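Here is a colleague's note on the structure, set out as numbered points. Please read it with the model open beside the text.

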Amino acid sequence: MAGQGAIVYVGCYTVGAGGHGEGIVAARRDLVTGALTPLGTAAATPAPSFLARHPELPVLYAVNEVTDGAVSAFRVASDGGLTALGSRPTGGRRAVPPRGCPERPAPFRGQLRWRERGGVSARRAGDARGTH
């Protein structure tokens, strides 16, 4: 994925979620015009409906809108490639973006929070404990 411009990631609903995508698609954004050039599927993951970059680490999180809900993490390489780091259940289909993301809708059923060392915490609303 090397080249000029910034890499942009787009989450696509997959077949199991009523869409036609394959997961996370990468595109190169021209820094002058803003035009996007598709680069193809960067990561095959089910129904990544919301994506968020970690504020400090080279990690991209995807909220997987599947039956039981999940959040997946990917290491972002310097060339923009993604490597799966793992996935954790959220306890419900309506997983929402991590706390601190202005795009997080309300009301919400569960929540994800950034953890001190770069992971996320997923928990159901009203549950004081979480899945780390």
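**Notes on the strands, sheets and core**

1. Strand 6 (residues 70-76) and strand 7 run antiparallel and are joined by seven bridges, where two strands count as paired if DSSP finds at least two bridges between them. Strands here are DSSP runs of E with at least two residues, helices are runs of H or I with at least four residues, and both are numbered from the N terminus. Within this pairing, Ser72 has Ser87 in strand 7 as its bridge partner.

2. On provenance, this is a predicted model, in which local features need pLDDT of at least 70 and side-chain atom pairs count only at pLDDT 80 or more, while totals for chains, interfaces and linings use all residues. Residues are numbered from 1 along each chain as its sequence is written, and side-chain values use heavy atoms, with hydrogens and water left out.

3. Looking at the chain as a whole, the protein has zero helices and nine strands, so that, by the DSSP-run definition, its pattern along the sequence reads β-β-β-β-β-β-β-β-β. Buried residues, meaning those under 20% relative accessible area (exposed is over 50% and partly exposed in between, with a 1.4 Å probe and protein chains only), make up 38% of the 132 residues. The chain exposes about 7800 Å², of which carbon and sulfur atoms supply 51%; these areas come from the Shrake-Rupley method with a 1.4 Å probe, and for residues only the protein chains shown count as cover.

4. The pairing of strand 6 with strand 7 belongs to an open sheet of four strands in the order 4-5-6-7, with antiparallel pairing. Its edge strands are strand 4 (48-53) and strand 7, each of which pairs on one side only. Neighbouring strands of this sheet are turned by 20° against each other on average, direction ignored, the axes being lines fitted to C-alpha atoms (for helices over the stretch in contact) and angles running from 0 to 180 degrees between N-to-C directions.

5. How is Ser87 placed, and what does its side chain reach? Ser87 lies in strand 7 (residues 82-89) and counts as partly exposed because its relative accessibility is 44%. Leaving aside neighbours within four places in sequence, Ser87 is in contact (heavy atoms within 4.5 Å) with Asn64, Ala70, Val71 and Ser72. Its side chain makes a polar contact with the side chain of Ser72 at 3.3 Å and reaches the backbone oxygen of Val71 at 3.4 Å. A polar contact is a pair of N or O atoms within 3.5 Å; within protein, one must be able to donate a hydrogen and the other to accept it, and residues adjacent in sequence count only if both atoms are side-chain atoms. The C-alpha atoms of Ser87 and Thr45 are separated by 9.7 Å, although these residues are 42 apart along the chain.

6. At the other edge of this sheet, strand 4 and strand 5 (residues 59-64) run antiparallel and are joined by five bridges, forming a hairpin with five residues between the strands. Leu51 stands opposite Ala62 in strand 5. In the loop between strand 4 and strand 5 lies His54, which counts as buried because its relative accessibility is 9%; the side chain of His54 reaches the backbone nitrogen of Glu56 at 2.9 Å.

7. A further open sheet has three strands in the order 1-2-3, with antiparallel pairing. Strand 1 (6-11) and strand 3 are its edge strands, each pairing on one side only, and neighbouring strands are turned by 30° against each other on average, direction ignored. Six bridges join strand 2 (residues 24-29) to strand 3 (residues 36-43); Ala26 has Gly40 as its bridge partner, and Arg29 stands opposite Leu36. The hairpin of these two strands has six residues between them, and there Gly34 takes a positive phi near 85°.

8. The largest nonpolar core has eleven residues in all, among them Tyr9, Ile24, Leu51, Leu60, Ala62 and Phe74; such a core is a set of buried Ala, Val, Leu, Ile, Met, Phe, Trp, Tyr and Cys residues joined through side-chain atoms within 4.5 Å. Strand 2, strand 3, strand 5 and strand 6 are the elements that give two or more residues to this core. Leaving aside neighbours within four places in sequence, Leu51 is in contact with Tyr9, Val10, Gly11, Ile24, Leu60, Tyr61 and Ala62.
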